[in-house]
Amino acid sequence: MGIYLNPKNKAFWESTRSKIYVDKTNLIAHTNEFINTREKYVCVSRPRRFGKSMTIEMLAAYYSRGCDSADLFKGYEIEENESFPEHLNKYDVIFLNMQQFFIRAKDREVTEYLEQVVLADIRKEYGNLFPERETSLAAALEQIYAETEKSFIFLIDEWDCMMRERQETEERQYLDFLRNLLKDQPYVALAYMTGILPVKKYGVHSALNMFAEYSMTDQSIFEEYTGFTEAEVKGLCERFDMDFFQTKNWYDGYELTGYKHIYNPKSVVEAMRRHRFSNYWTSTETYEALKIYMDMDFDGLKEAVVLMLGGEAVQVNTRSFQNDMRTFKTKDDVLTLLIHLGYLGYDAREKKVFIPNKEIVEEFENAMSVGGWAEVMRILKASEKLLEDTLNGDEKAVARALDKAHSEVASILTYNDENSLGCAIGLAYYSARKDYRIIREMPAGKGFADIVFLPLPYTNKPALVVELKYNKTADAAIEQIKDRRYAGALSGYGGRILLVGISYNKDSKSKLHSCVISELC
């Protein structure tokens, strides 16, 4: 066993000994299916701190020849899979952490440094099978395979580090290196790469078109392993005596095709360990990284951010994105990058993006607080008082606050129907996210309630059923709530229910909004 060739299994051993370890070993069953097939090239991309390195370490412990890892997997899901004994510690594994090579290469070309140190490691095991003067890793592996017919599994962590850090200077050389090392090579049994970004469209060079991509816009068979599932989080909340609904509000929201609730694993683990909810994932990187992309001057980008802050999902075309952090032509390219970075959730069926949870909402707020978003920040800061006035039944104060919020955001959002009015109302009630689950177009009675504020179980607040009217009266909104029995959507809820009718009259010269609040008896 060496540093890069067949590394030891200590990293995975440490993971399993940690206070919190969630069993994701069944991912191995999927990678086993790819070994020595046409589908053996796999690139799984996820946001930072979503368990990519831990997965790579698990695969290294399982596949590496000489590790004797059987005891490490005892009691875990993969042990029950029929493919488990077939591949356990049967392969020569080459483990490459590109972030590590990038740092250690310093001013040298990264691929040149990589080949030098990895070849030196391989020589310890197979030095008699290729010339001492050989400097090409691919050529050395070809000769080893020709003599032994041993195939290799390549595990490449942070594969896109080079593309993010040295895209302009070493992109083509790096892609050529990977293509020469991996593509159509008989010694490759499996190549599993992971990083933040997918590979398909980097530059104009199609060096890695043999890889199947599993990204945050389509994780496919790897959905369950992208983060923590709802069942896993419920189990952790019971174990650590933490409130599940608060955990959900803070860290849920990465919606995939099959799994509708994927939780941020880093944040959940930290919340359980520390027994406190906070911004654990976003605290590992300064908010300026998000602000750079939010402030890009693309038509419609600022409006999209405001709509999402108001609780809306925004249509996006992810196909034009070039899979790098520099090439942007439209707002959709920026939004797609934010999906891959973990700042936005993505609904693949509707092809829409949204802000997934409280942790990320606060990060957007932090990014806006340092300039360029003054009008939006004024609305957000006023939202606490607006909610208080609503709960107190102060109709005039609510109408005045909505008038002011509308004037603040008029340059970004334009009222032209009840839907756009709803977006602005969602933004105006921004602070309600702390204590409420806000649901737009909730099925109820004989139709859909425009907005329902469902209090989270740990609060002691009434529910709100809000109906919006454009160029009609607030009294008409209240009547519609009652006539169509919208409050029936809360039939399982035993607390107080306030009915809130809000109207906007575009022809009024003074009082733009009006509000009527009544309690359901």
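Helices α17 and α18 run roughly antiparallel to each other, because the angle between them falls in the class over 145 degrees (under 35 counts as roughly parallel, 65 to 115 as roughly perpendicular, the rest as oblique). This is a predicted model, in which local features need pLDDT of at least 70 and side-chain atom pairs count only at pLDDT 80 or more, while totals for chains, interfaces and linings use all residues. Residues are numbered from 1 along each chain as its sequence is written, and side-chain values use heavy atoms, with hydrogens and water left out.

**The helix pair**

- Two packed helices are described by the angle between their axes and the distance between the axes.
- The axes of α17 (residues 374–391) and α18 (residues 395–409) cross at roughly 170° and come within 10 Å; axes are lines fitted to C-alpha atoms over the stretch in contact, with angles from 0 to 180 degrees between N-to-C directions.
- Helices here are DSSP runs of H or I with at least four residues, strands are runs of E with at least two, and both are numbered from the N terminus.
- From α17, Glu375, Arg378, Ile379, Leu386, Asp389 and Thr390 are in contact (heavy atoms within 4.5 Å) with Ala397, Val398, Ala401, Leu402, Ala405, Glu408 and Val409 of α18.
- The residues of this contact between α17 and α18 comprise eight nonpolar, one polar and four charged.

**The sheet**

- Strands of a sheet pair through backbone hydrogen bonds, either parallel or antiparallel.
- Three strands, in the order β8-β10-β9, make an open sheet with antiparallel pairing; two strands pair if DSSP finds at least two bridges between them.
- β8 (314–315) and β9 (345–347) are the edge strands, each pairing on one side only.
- Two bridges join β8 to β10 (residues 352–354) in the antiparallel sense, and Val314 has Val353 in β10 as its bridge partner.

**Positive phi angles**

- Most residues other than glycine have a negative phi.
- Asn6 is not a glycine, yet its phi is positive, at about 50°.
- Asn6 sits in the segment before α1 (10–17) and is buried (under 20% relative accessible area, with a 1.4 Å probe and protein chains only), at 6%.
- Asp184, also not a glycine, has a positive phi near 60°.
- Asp184 belongs to the loop between α9 (167–182) and β4 (188–195) and is exposed (over 50%; values in between count as partly exposed), at 63%.

**A proline in a helix**

- Pro85 is part of helix α4 (residues 84–87) and is exposed, with a relative accessible area of 51%.
- From C-alpha to C-alpha, Pro85 and Glu362 are 46 Å apart in space, and in sequence they are 277 residues apart.

Technical notes:
Ala, Val, Leu, Ile, Met, Phe, Trp, Tyr, Cys and Pro count as nonpolar, Asp, Glu, Lys and Arg as charged, and the others, Gly among them, as polar.
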